[in-house]
Amino acid sequence: MGELADRYALAFRQAGGDPEELAQCASGLTAEPQLWDALINPAVTPEEKVRVLSRLPELVPAGPVNRLLGLMARKGRLSLLPQVVQTAHRLAVEEGGGTLCRLTCARPLPPQELERLKEAVCRMHRLKKAELLVKIDP
């Protein structure tokens with residue numbers, strides 16, 4: 001991940017931000033292509049972006065998420081939002097004594113096998129939990 005995205009994610013977590021709430025917000029914003037394109041368009045002024053975000057309380061909840069997006073809009077950094085979401089999630093998992101693992105497989109693995117892999121990672125690295133990010137690559 002980019003260093004700048006990591007800094008935003010760390011500040012968000014230190015402010016008590018919920019990564020799941022941020023992920024839901026980002027998903028809602030990126031699901032509307034015209035809205036997302038306007039938010040990351042450098043031709044749109046930061047003030048206009050902040051005004052647009054303030055008119056979307058159903059997508060942008062008050063609190064740390066709102067403050068983060070407002071700051072990112074004012075700094076012209078909203079394009080980093082997907083990376084910030086990923087980093088914030090990783091930080092939350094690590095704070096809980098866990099880790100994220102990337103697993104690339106040729107075929108989907110049965111749930112029991114995935115669970116055994118998670119247990120093995122936890123034992124090997126003395127972790128409380130492991131989350132697998134599975135990618136199928138035939």
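Let's say two residues are in contact, or touch, when heavy atoms of theirs lie within 4.5 Å. With that in hand, here is a walk through this predicted model, in which local features need pLDDT of at least 70, side-chain atom pairs count only at pLDDT 80 or more, and totals for chains, interfaces and linings use all residues. Residues are numbered from 1 along each chain as its sequence is written, and side-chain values use heavy atoms, with hydrogens and water left out.

Start with the overall layout. The protein has seven helices and two strands, taken as DSSP runs numbered from the N terminus (H or I of at least four residues for helices, E of at least two for strands). Read from the N terminus, the order is α-α-α-α-α-α-β-α-β. The C-alpha atoms fill a box of roughly 50 × 35 × 25 Å along the principal axes. Of the 138 residues, 31% are buried, meaning under 20% relative accessible area with a 1.4 Å probe, protein chains only. If you take the contacts between residues at least 6 apart in sequence, 68% of them join residues at least 24 apart.

Now zoom in on helix 2, residues 19-31. Its 13 residues reach 18 Å from first C-alpha to last, close to the 18 Å expected (1.5 Å times one less than the number of residues). At its start, a side-chain oxygen of Asp-18 comes to within 3.1 Å of the backbone nitrogen of Glu-20. Pro-19, Leu-22, Cys-25, Ala-26, Gly-28 and Leu-29 are its buried residues, and what covers them includes helices 1, 3, 4, 5 and 6.

Two of those residues, Leu-22 and Leu-29, turn up again in the largest nonpolar core, among the residues with the most contacts inside it. Such a core is a set of buried Ala, Val, Leu, Ile, Met, Phe, Trp, Tyr and Cys residues joined through side-chain atoms within 4.5 Å. This one has 26 residues, and helices 1, 2, 3, 5 and 6 each supply at least two of them. Val-84 also ranks among the most connected; beyond its neighbours within four places in sequence, it touches Ala-5, Tyr-8, Ala-9, Leu-22, Leu-68 and Met-72.

Finally, look at Lys-49 in helix 4. What does its side chain reach at 3.2 Å? The partner is the backbone oxygen of Leu-39. Lys-49 is buried yet has no salt bridge (a side-chain nitrogen of Lys or Arg within 4 Å of a carboxyl oxygen of Asp or Glu); Glu-48, the nearest side chain of opposite charge, is 8.3 Å away. Leaving out residues up to four places away in sequence, Lys-49 touches Ala-38, Leu-39, Ile-40, Asn-41, Pro-42, Val-44, Ala-73 and Leu-78.

Technical notes. Buried < 20%, exposed > 50% of the residue type's maximum accessible area, 1.4 Å probe, protein only. Polar contact = N/O pair within 3.5 Å; in protein donor to acceptor, adjacent residues only side chain to side chain. Lys, Arg positive; Asp, Glu negative; His and termini not counted.
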